[in-house]
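Me: I am new to this structure and would be grateful for a close look at a single part of it. Please examine the salt bridges and their setting.

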Amino acid sequence: KPHARPTPYLGGAAICLGWTTALVISMARGTVDWHLLLPILIGGVALAVLGLVDDVRRVSPKVRLAVGAVIIAAVMLTTGAGLDLVGSIARPLGIHVPPALAHSVSFVVGLVIVLGAVNSTNLIDGLDGLCTGVTAIISLGFFLLAMHLAAWGFSQTGDPVRLVLAIAMLGAALGFLPFNFNPARIFMGDTGSVLLGYNCGMLILLFAERSIFRWVIGALMIFALPIFDTSLAMFRRWRAGRSIFEGDRSHFYDQL
């Protein structure tokens, strides 16, 4: 690690606690449909625990990826989030795709989106305050997009869930940011970066409700910086003949 002095890594646990508290309160008050939000909450906590184990004991990247995929897949199948991505693209174009094929491909694409978001936020957690600040800005963008849809009554079920997930992530990130400014007194570790990425990925899928793909494109544009950095890192490692899981110090923010 490049930091000069030992720095605690359990900041992600605080982020998880703040995020979880916000979601539990929203369900307890009846603000959101708990049938949709509770599986997302359980999946987020499970991924945060996986990140915590990795922070403390070190877990193989392949094992972490596999376990994370199982958790995310379970949440997607339980909530139905992202299972109509293909249909939302094909129907406006007048293309008929068999429902079974559309759902299967949508499931794989949705899983890749959330896993990609998880790994993207993990990769940009390389400078003091960077991941926290970037995800705070992204969550504000998600909140504004969700607020726009809610103002037009887009979905009685989905609007409150999107608003709560976005504002909970914003609050958790901003609460942690003062302790993570340079020089950071505490790091979020994988516990926090994985959870923030998961929250972003699930929000992107939730914007696919009612099979209108343009809102997914809008959410992906808001999340563009982590996507760009991750794509660049994977291409750079592949071109150099190294494992895509092998870390380096040539990220976009390192070069800036």
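Reply: What follows describes the salt bridges and then the nonpolar core.

The model is predicted, and the count of salt bridges in it comes to 4.

A suitable place to begin is R162. The side chain of R162 meets that of D159 in a salt bridge, with 2.9 Å from N to O. Both residues belong to helix 7, where they lie 3 residues apart, about one turn of the helix. R162 also meets the side chain of E209 in a salt bridge, again with an N to O distance of 2.9 Å. This second pair links distant parts of the chain, since E209 is in the loop between helix 8 and helix 9 while R162 is in helix 7, and 47 residues separate them.

The surroundings of these three residues may be described in turn. R162 has a relative accessible area of 0% and is therefore buried, the cut-off being under 20%. D159, with a relative accessible area of 5%, is buried as well. E209, at 25% relative accessibility, counts as partly exposed.

Attention may now turn to D190. A salt bridge joins D190 to R64, and their closest N and O atoms are 2.9 Å apart. Here too the pair links distant parts of the chain: D190 is in helix 8, R64 is in helix 3, and they are 126 residues apart. Because its relative accessibility is 10%, D190 counts as buried. D190 and R64 are also linked with D54 in a network of salt bridges.

The nonpolar core completes the setting. The largest nonpolar core has 64 residues, and those that touch the most other members are W19, I72, F142, L165, Y198 and F207. Among the elements that give two or more residues to this core are helix 3 (61-79), helix 7 (158-180) and helix 8 (189-206). Helix 8 provides the largest share, 10 residues. Helix 8 is also the element in which D190 lies, and helix 7 holds both D159 and R162. Other elements that give two or more residues to the core include helix 1 (11-28), helix 2 (34-57) and helix 5 (99-123).

W19 offers a detailed view of this core. Apart from its neighbours within four places in sequence, W19 is in contact with residues that include I40, L41, G44 and V45. Its further contacts include L165, A168, M169 and A172, and also L195, Y198 and N199. Two of these partners, L165 and Y198, are named with W19 among the core residues that touch the most other members.

Notes: Residues numbered from 1 in each chain as written. Predicted model: local features only at pLDDT ≥ 70, side-chain atom pairs only at ≥ 80, totals over all residues. Heavy atoms only, no water. Core = buried A, V, L, I, M, F, W, Y, C linked by side-chain atoms within 4.5 Å. Buried < 20%, exposed > 50% of the residue type's maximum accessible area, 1.4 Å probe, protein only. Helix = DSSP H or I, 4+ residues; strand = E, 2+ residues; numbered from the N terminus. Contact = heavy atoms within 4.5 Å.
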